[in-house]
Amino acid sequence: MRRTTTAVIIGAGHAGLAMSRCLSERGIDHVLLERGEVANSWKRERWDSLRLLTPNWMSRLPGYQYQGSDPNGYRTLSQTIGFIERYAETMVSAPIYTHTQVRSVTRRDGGYAVVTNQGTFRCRAVVVASGACNIANVPACAEGLPSDLFTITSRAYRNPSTLPEGGVLVVGASSSGTQIADELQRSGRQVTLSVGEHLRAPRDYRGRDIQWWLDAAGVYDERFDEMENLSRARSLASIQLVGSPSRRTLDLNVLGERGVKLVGRLAGMRDGVALFSGSLANMCKLSDLKLERLLDRIDEYADRTGLASAVEPSHRFEPTRLPSNPPMSLDLRGGGEIKSVVWATGFRPDHSWIDVDVFDRRGRMRHDGGVVDAPGMYIMGLPVLRTRRSTFIDGAAADARALSAHMSAFLAVRQAA
Amino acid sequence: MTITTNNTNLNADNGVNVEALLGAREQLSGMPAAAQFKWRATCEWINGAHSRSTVQNYFGLGAEQSHRTKFTLDADHPELFAASDNGVTPPELALTALASCLTAGVASIAQMRKIQLHSVTATLEGDMDVLAILGADTDARNGFSNITVRFEIDADASEQEIEALVAQSQKRSAVFDIISNPTNINVEACKA
């Protein structure tokens, strides 16, 4: 095992592997450190029925493009794991040290010391590619839940049998929350879904995958340094979408038809009773209006490029159907209808092991499009890191190219100095 | 996604100083302690259900601040409730607070989006079962069971843009949040 290298990449998921490939192309000597196995979070931190939200063709990585027979399908969990493992085997030549947990990263002699359970690595540059979803967010009011109530995060959830029988409160209506709510309702449980700010979209529009349109119309190429409100873009919930062989749309109307009860955002707990915000109507209105604007933009793109005549005609979707009198509270104490709570309230990265002064007052890493505010440190794999595409596997290629170029220049300057 | 509008008017003037608001956002983000405000009111009982509230001082930007004058607001109950009707009822004051907050939001957001407003009228209605406050029905809620707000807006903008203004103003509204979400209230009492 080499202990001194030019660069260390922490994490062997799609982002770290893409970076490795780019560093190798530039002749930058490096190793990858992986806490578990390649594609670890896909193996251990996702639910069973999950499929990628992006079609197969849209997982381009440096040196890799989908060549299979189903470009418009959506990879299952095991296909995703296989895809990342094959990429590591065939496209990555640097050593990958698995089961190597990083305990700390500190500045040392103008470079970095990366302390792991397998010893210390010394390097001049560090790439943090340890994922965006290490910690499941749970709202502070969760402390007020009755202690005997079964609770689980979307990160720990695997399938309906994880949960006790009986009613479920799913908190959060992004892609995770809506998918889990859908699956649990189908399992025979009565689901109540707590809905805050969210984004809806049809799976297909005018005969093409919504992701195809967003890709083609350049939405995913919007750059971080050209956005009016970057921190908002980075904190947006994922669009309500599901990857399925039937290409079905999953939104609040679909869930409502299936019998899921909609309530407002979880606003607090009082004596074991969950209190919901009265903002449900506005949350749905905002989402409907955003969908309208998105489809307007797609239609404009289709008209401008002459695609309009080649695809299905433009149309609009029914606004979100609101329950007439959504309950403002739900008794979660024993004996009530709710037997479990699923938190689908987003994720954040765990950077607690980075002992370098690179965090803002809210604990978020200070970086400029992945170039961290510490010489030779980089971060990858966060939502809207450099473009909106960065949120997806498909964004790792361009991000790795840009950041490896930056690192190469950084190392050259240091060499010259 | 940025909002594209065909009605953008660089000369739109709704009497909102957007530069000052954006400047404040920028500055206060850098010094969050200065963004901690305290809004205050005092209220004195006059007679029966009639009371008079006074608002003058508040705290913000790290110091005591004052309105340019002292404002007073009378509240009472109507004659239907055997009261003297010297002012609006407190629930009506809550409706006016919501309306004013949303209306200010509509004006600010329209200015940000360079949309010229010509008129904005909000009409509000709150449903209440008064058996609860009379103590005759312990199951009913004291407060509103539902509030409806209807905005009529004349502006150089499409229907969709107007809907978006109103939706965004709810998202940014203090009073919308105060009414739609639970708030801890600590009431102390002492002998004067």
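This report covers one sheet with its neighbouring helix in chain A and one pocket lined by chain B, in a predicted model.

## The sheet in chain A

Chain A contains an open sheet of five strands, ordered S9-S18-S10-S11-S14, with parallel pairing. At its edges are strand S9, residues 150–153, and strand S14, residues 261–264, each of which pairs on one side only. From one strand to the next, the twist averages 20 degrees.

Strand S11 of chain A spans residues 191–195 and is joined to S14(A) by four bridges in the parallel sense. Within this part of the sheet, Ser194(A) has Val263(A) of S14(A) as its bridge partner.

## Helix H4 against the sheet

Helix H4 of chain A, residues 175–186, lies across three strands of that chain: S10 (167–171), S11 and S18 (338–343). The angle between H4 and S11(A) is about 165 degrees.

## The second largest pocket

The volume of the second largest pocket is about 340 Å³. Its lining consists of 14 residues, and those closest to the pocket centre are Phe81(B), Thr89(B), Pro91(B), Met128(B) and Val130(B). By residue class, the lining of this pocket comprises 10 nonpolar residues, three polar and one charged.

Which element supplies the largest share of the lining of the second largest pocket? Helix H2 of chain B, residues 90–112, does, with four residues. At the level of domains, domain 1 (36–87) and domain 2 (89–181) of chain B each contribute at least three residues to the lining of the second largest pocket.

Key
Residues are numbered from 1 along each chain as its sequence is written. Chains are lettered from A and ligands numbered from 1 in the order in which they are written. This is a predicted model: local features need pLDDT of at least 70, side-chain atom pairs count only at pLDDT 80 or more; totals for chains, interfaces and linings use all residues. Side-chain values use heavy atoms; hydrogens and water are left out. Two strands pair if DSSP finds at least two bridges between them. Helices (H or I, at least four residues) and strands (E, at least two) are DSSP runs, numbered from the N terminus. Axes are lines fitted to C-alpha atoms, for helices over the stretch in contact, and angles run from 0 to 180 degrees between N-to-C directions. Contact means heavy atoms within 4.5 Å. On a 1 Å grid over the protein atoms alone, a cavity is a set of points where a 1.4 Å probe fits but cannot get out, and a pocket is an open set with protein on both sides within 12 Å along at least five of seven lines; lining residues have an atom within 4 Å of a point. Grid points are joined across faces, edges and corners, and a volume is the space filled by probe spheres set on the points. Ala, Val, Leu, Ile, Met, Phe, Trp, Tyr, Cys and Pro count as nonpolar, Asp, Glu, Lys and Arg as charged, and the others, Gly among them, as polar. Domain bounds come from an automatic or database domain assignment.
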